[in-house]
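I opened a notebook page for this model and went through the fold, one element at a time. My entries are below the display.

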Amino acid sequence: MTITYFPEMVLFSQELRLGQDGSSPGTVVVSHLAPDSNMQTRIEIPLIPDTSYLEVIDVVLHNSPTKAHVMQREYNEWFSSRFGYEVMLVYLGPHLRPVLGNLSPNASKLRNDTGTSWLSTFTDHVPFLGSLKVEKMDGITFADVAPYLVVTEKSSEDVSSRLPEGEDMDITKFRPNIVLAGSEKAYDEDFWGGLRINPITDTMDEDKPVFIDLTQNCARCASLNWDYATGKASPGESGTILKKLMKDRRVDKGTKYSPIFGRYGFLQSFTREQSIAVGDTVEVSKKNAERTTFNWPGLGN
C-alpha cells in the first residue's frame, strides 16, 4: 500500500519509543485520527518482534520483491478496523528489497564532478545512520526506492509561492528524512551528486563525516494534494499542488509526466554507524553537469 493510491494512510502517525534500560529495543506507537469524529486511537507495536512463530510471506513493492513476517492478529485487526477493509501488517526483519534500475550508487555513474560545495545546516534530522550501507548487492527496506530523501527549504519556499498569500506548503508532504537550509536557489539540488555531513554533536568526532550519494530525482505523485486531517484531497489550491508543479518541474526525462522535488540518497559503503542531528553542517561533495535520468522498472515513463 502506498499513499498515492490509499490516501487514508495519511491519518496514521508514528512515534518511536526506544528502550531506556537496555532490556528492550523499544516500540513503535501508531496513532490514528478518525476524520469524522477527530477521535484518536493508538496501538503500541514492538520495534523488533519475536518472529519465531510468525508466518513468512512474499511481498512486492514497486516490482522489488522480498520476504516479510505477518504480525499477530491483534495488530492486523486494529489496522483493518481503522481502514475499513482487511489489511495486513508485516515486519521486514532481516530481509531487504533489491534496488532496481539506476538508483543504486553502484549502478549510477555520477558524472562531471566539479568539486563544488556549499555550506548548509540541517533543519530536520535523521537520528540513526548506518543500517543500509551500500554493498555489492544493494538492499532497501519498505522505503519506496531509496533509504534517504533530501529536500531543501529553498525549494519548498518556491512551492509556497505558488499558493495564495498566507498559505505555506507543508514540507512534511514531501516525506523527506533530510531537510537542508542554505541553498542559494530553489532546485539547486537537481544537480547534486553527493553530500558530506559534518556532525558537530558532543558524541561525534568532527573528523568523521557522513557521506551520502545522491543518485536520482524524486518524481512526485498525487500524495502532495492530500489533506492530512481528512485523508482526502485538500480543499482549494492546496489540492492542486501536483498540477502547479507540472508546469515547470517535469525536468527528468525518465519521469517526463511527473514533476521533480528532492533527491534520493544512499550511504557510501565506508560510512560507519553514526548519528546526525539538527545543526550539523553539510557540503555538496559532488555536483553533476546535468540532471540525472531516473530509471526503475515499472516506474516513470
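The entries run from the whole chain to the sheets, then to the core and two single residues.

**Entry 1. Whole chain**

I note at the outset that this is a predicted model. I looked up the secondary structure and found three helices and 17 strands in the protein. Of the 301 residues, 44% are buried. I then checked how far apart in sequence the contacting residues lie. Taking contacts between residues at least 6 apart in sequence, 71% join residues at least 24 apart. The exposed area of the protein is about 15,700 Å², and 51% of it comes from carbon and sulfur atoms.

**Entry 2. Sheet S1-S2-S3**

I began with an open sheet of three strands, in the order S1-S2-S3 and with antiparallel pairing. Its edge strands are S1 (12–18) and S3 (40–46), each of which pairs on one side only. From one strand to the next the twist averages 20 degrees. I looked at the pairing of S2 (residues 26–33) with S3 and found seven bridges between these antiparallel strands. Within that pairing, Val28 stands opposite Ile45 in S3.

Helix H1 (residues 73–83) packs on this sheet and touches S1, S2 and S3. The direction of H1 makes about 155 degrees with that of S3.

**Entry 3. Helix H1**

Which residues of H1 are buried? I listed Tyr75, Asn76, Trp78, Phe79, Ser80 and Phe83. These buried residues pack against S1, S2 and S3, and also against strand S5 (64–70). Just after H1 comes Gly84, with a positive phi of about 90 degrees.

**Entry 4. Thr27**

I picked Thr27, which sits in strand S2. Is Thr27 buried or exposed? Its relative accessible area is 17%, and the cut-off for buried is under 20%, so Thr27 counts as buried. The side chains of Thr27 and Glu44 are joined by a polar contact of 2.7 Å. With neighbours within four places in sequence left aside, Thr27 is in contact with Glu15, Leu16, Arg17, Glu44, Ile45, Pro46 and Leu47.

**Entry 5. Sheet S4-S5-S6**

S5, already noted as a packing partner of H1's buried residues, belongs to an open sheet of three strands. The order there is S4-S5-S6, with antiparallel pairing. S4 (56–61) and S6 (90–91) are the edge strands, and each pairs on one side only. I found six bridges between S4 and S5, which pair in the antiparallel sense. Val56 stands opposite His69 in S5.

**Entry 6. Strand S10**

How many residues of S10 are buried? Five of its five residues are, and the strand is mostly covered. I split them by face: Tyr148, Val150 and Thr152 are on one side, Leu149 and Val151 on the other, and all are buried.

I then looked up the pairing partners of S10. With strand S16 (residues 260–267) the pairing is antiparallel, over three bridges, and Tyr148 stands opposite Gly265 in S16. With S11 the pairing is parallel, again by three bridges. The bridge partner of Val151 in S11 is Val179.

**Entry 7. Largest nonpolar core**

I turned to the largest nonpolar core, which has 14 residues. Leu180, Leu195 and Ile212 have the most contacts inside it. At least two residues of this core come from each of S10 (148–152), S11 (178–181), S12 (192–198), S13 (210–219) and S17 (281–287).

I took Leu195 and asked what it touches beyond its neighbours within four places in sequence. Its contacts are Val150, Leu180, Val210, Phe211, Ile212, Leu214, Val282, Glu283, Val284 and Ser285.

**Entry 8. Val284**

Val284, one of the residues in contact with Leu195, is found in strand S17. I checked its accessibility: at 2% relative accessible area, against a cut-off of under 20%, Val284 counts as buried. I also looked at a pair that is distant in sequence. Val284 and Gly194 are 90 residues apart along the chain, and their C-alpha atoms are separated by 5.9 Å.

Note on methods. Residues are numbered from 1 along each chain as its sequence is written. This is a predicted model: local features need pLDDT of at least 70, side-chain atom pairs count only at pLDDT 80 or more; totals for chains, interfaces and linings use all residues. Side-chain values use heavy atoms; hydrogens and water are left out. A nonpolar core is a set of buried Ala, Val, Leu, Ile, Met, Phe, Trp, Tyr and Cys residues joined through side-chain atoms within 4.5 Å. Buried means under 20% relative accessible area, exposed over 50%, partly exposed in between (1.4 Å probe, protein chains only). Helices (H or I, at least four residues) and strands (E, at least two) are DSSP runs, numbered from the N terminus. Contact means heavy atoms within 4.5 Å. Two strands pair if DSSP finds at least two bridges between them. Axes are lines fitted to C-alpha atoms, for helices over the stretch in contact, and angles run from 0 to 180 degrees between N-to-C directions. A polar contact is a pair of N or O atoms within 3.5 Å; within protein, one must be able to donate a hydrogen and the other to accept it, and residues adjacent in sequence count only if both atoms are side-chain atoms. Accessible areas come from the Shrake-Rupley method with a 1.4 Å probe; for residues, only the protein chains shown count as cover.
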